[in-house]
Amino acid sequence: MKPRAPRRTVAADPDRELFAQALDELVGAVLVLDDQLRVRAASHGAAEVLGFEVPLGGSAATLLCGDRPKRPFAEALASGVGFQAVIPRPGRPGDASGEQVRVRSIPLGGGATTQGWIVLVAAVAGDDDAPELFHGLWTRDPRMKEAFRIIEKVAAEDFTVLIRGETGSGKELVAHALHARSPRHAGPFRAINCAALPANLLESELFGHVRGAFTGAIKDTPGHIQLADGGPLFLDEVAELPLELQAKLLRVIETRTVLPVGGRDPMPVDVRVVSATHRALRAEVAAGRFRADLMYRLRVIPIRLPPLRERPADVRLIAGKIIDELNQRGRRRIESISLAAEAAMERHEWLGNVRELRNALSYAFAIGEGSVLELGHLPPEIAATDPGGAEVTVVAEAAVLDPELTPEVRRIRDALARTAGNRDRAAKLLGWSRVTLWRRMRAHGLDAS
Ligand SMILES: Nc1ncnc2c1ncn2[C@@H]1O[C@H](COP(=O)(O)OP(=O)(O)O)[C@@H](O)[C@H]1O
Ligand SMILES: [Mg+2]
């Protein structure tokens with residue numbers, strides 16, 4: 001087994017380390033601020049509660065309250081009185097785990113001249129973040145739980161549901177959940193991926209065809225819509241449906257009949273349409289690629305699944321469940337995840353969401369040995385363990401932690417760190433061309449030479 005990665009990857013300043021340890025010993029999770037409300041010292045306990053290494057010198061108000069419209073704690077600090085509050089756990093932009101922290105500020109120096117502050121931080125154990133399992137979907141995230149409650153409510157009725165979420169975020173599981181909870185659950189679950197077939201094949205798959213409709217149409221063949229009669233029809237990646245088929249689908253929904261390719265007589269059908277897409281349909285409509293009337297028909301009940309990177313607590317939770325599953329297979333038993341591996345997993349963007357997480361863990365399970373899942377066992381794009389590994393990790397750490405960086409700079413740095421500076425792969429990660437990456441880097445004053 002490889003030696004365990006050191007707990008902290010940022011080269012520690014000896015003073016900082018000394019004060020951090022002293023504070024840990026004395027009070028636990030705490031920040032020390034100067035009169036300008038800049039963080040001058042932070043204990044390791046504070047980093048643990050907040051979930052990231054606290055950057056020194058930055059504004060505490062920004063650190064704790066970000067740029068949320070309501071910042072009672074930031075205001076209280078600025079006004080100079082001691083204050084206690086429960087605030088959302090600060091994190092990266094868009095990071096809405098639903099976790100909360102209790103903060104208490106104590107002014108230093110008496111009277112009108114506050115010389116600084118001690119801010120105590122503590123994790124709040126909310127009931128909100130208890131793990132929940134819903135038809136194969138694990139989560140601690142309040143927004144996911146809200147989606148489950150909506151599913152419970154609408155499953156019993158024949159509402160038309162549109163599920164929106166990135167690839168691998170659980171759309172198909174949600175469609176199954178809707179089916180399982182519907183009065184039609186005895187019927188088959190029919191799914192068709194609108195992105196997987198060329199238009200002409202898709203048309204005949206969906207709507208069916210009659211004998212002689214085209215070369216090779218040797219007999220009348222029902223399509224998925226007809227086969228789904230009495231049950232649900234799951235249209236995956238519905239935004240990819242070509243415009244002319246959108247018109248045909250709209251007619252099915254409006255008239256409750258289907259006309260097979262080459263057919264003359266529409267046949268009555270009774271289907272419940274559940275569709276899914278990773279795209280914003282509204283934007284597709286605005287771009288002229290999707291019919292507005294069909295959008296309104298499909299998204300009677302919209303359900304949105306937040307991406308995994310916005311659910312950091314779910315990364316740990318679901319990773320644990322997947323590891324349990326892998327352990328069942330017997331070749332190896334993983335009992336724990338090293339801190340470095342866990343940190344890398346929390347930092348990763350998971351563009352492939354839970355599917356990517358599952359693949360990464362299967363990889364780690366196969367590649368590594370022993371009872372601890374180490375950083376080096378993870379796929380390179382997650383671990384970024386290249387020869388220049390130490391330096392690369394520092395960049396990644398800084399990219400996540402420095403609140404002064406714009407989100408785009410952070411994303412660029414993060415992508416470069418994860419690919420050990422390989423521009424081609426970084427551009428791919430970002431979904432950009434190499435030239436775009438170069439241009440964006442130059443625009444931000446990053447070394448683009
Ligand atoms: N919240 C979750 N908990 C456990 N497994 C999940 C969760 N979300 C997705 N998965 C798993 O991730 C994979 C991708 O899910 P899927 O529903 O096919 O995503 P999508 O249809 O959005 O691409 C599947 O193996 C699924 O079981
Ligand atoms: Mg899918």
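A residue is near a molecule or strand if its C-beta atom, placed from the backbone, lies within 6 Å of it. The model is predicted: local features need pLDDT of at least 70, side-chain atom pairs count only at pLDDT 80 or more, and totals for chains, interfaces and linings use all residues. Residues are numbered from 1 along each chain as its sequence is written, while chains are lettered from A and ligands numbered from 1 in the order in which they are written.

**Exercise 1. The shell around ligand 1**

Task: Find which residues come nearest to ligand 1, and place the ligand among the domains.

Solution.
- Step 1. There are 16 residues around ligand 1. Those that come nearest are L137, G170, K171, E172 and V354.
- Step 2. Sort the shell by class. It holds 5 nonpolar, 7 polar and 4 charged residues. Here Ala, Val, Leu, Ile, Met, Phe, Trp, Tyr, Cys and Pro count as nonpolar, Asp, Glu, Lys and Arg as charged, and the others, Gly among them, as polar.
- Step 3. Look for the elements. Strand β7 (137–139) and helices α6 (171–180) and α14 (353–367) each supply at least two residues of the shell. Helices (H or I, at least four residues) and strands (E, at least two) are DSSP runs, numbered from the N terminus.
- Step 4. Turn to the domains. Both domain 2 (142–304) and domain 3 (309–443) give residues to the shell, so ligand 1 lies between them. The domain bounds come from an automatic or database domain assignment.

**Exercise 2. The chain as a whole**

Task: State how many helices and strands the chain has, and what share of its residues is buried.

Solution.
- Step 1. The chain has 19 helices and 16 strands.
- Step 2. Of its 449 residues, 35% count as buried. A residue is buried if 20 or more other C-beta atoms lie within 10 Å of its own, exposed if 12 or fewer, and partly exposed in between; C-beta atoms are placed from the backbone.
- Step 3. Take the contacts with a separation of 6 or more. Residues 24 or more positions apart account for 62% of them. Two residues are in contact if their C-beta atoms, placed from the backbone, lie within 7 Å.

**Exercise 3. Helix α12**

Task: Check the span of helix α12, then find its buried side.

Solution.
- Step 1. Helix α12 covers residues 312–328, which makes 17 residues. The expected span is 1.5 Å times one less than the number of residues. That gives 24 Å; the end C-alpha atoms are 25 Å apart, which agrees.
- Step 2. The buried residues of α12 are P312, D314, V315, I318 and A319. They cover an arc of only 125° around the axis, which puts them on the same side of α12. The arc is that of the directions from the helix axis to the C-beta atoms.
- Step 3. These buried residues pack against β7, β15 (336–337), α13 (339–347) and α14.
- Step 4. The face turned away from the buried side carries the exposed residues D324 and Q328.
- Step 5. G330 follows α12, with a positive phi near 95°.

**Exercise 4. Helix α4 and W117**

Task: Locate the buried side of α4, and list what W117 touches.

Solution.
- Step 1. In helix α4 (residues 72–79), F73, A74 and L77 are buried. Their arc around the axis is only 100°, which puts them on the same side of α4.
- Step 2. The cover over these buried residues includes α3 (60–65), β3 (83–88), β4 (100–108) and β5.
- Step 3. On the face turned away from the buried side sit the exposed residues P72, E75, A78 and S79.
- Step 4. Just after α4, G80 takes a positive phi of about 90°.
- Step 5. W117 belongs to strand β5 (residues 116–124). W117 is buried, with 23 other C-beta atoms within 10 Å.
- Step 6. Not counting residues up to four places away in sequence, W117 touches L33, L77, S105, I106, P107 and L108. The C-alpha atoms of W117 and S105 are separated by 6.4 Å, with their positions 12 residues apart along the chain.

**Exercise 5. Two loop residues**

Task: Decide whether R256 and A420 are exposed or partly exposed.

Solution.
- Step 1. R256 lies in the loop between α9 (243–255) and β11 (257–258). R256 has 12 C-beta neighbours inside 10 Å and counts as exposed.
- Step 2. A420 is in the loop between α17 (407–418) and α18 (423–430). A420 has 19 C-beta neighbours inside 10 Å and counts as partly exposed.
- Step 3. Check phi. R256 is not a glycine, yet its phi is positive, about 55°. A420 is not a glycine either, and its phi is positive, about 55°.
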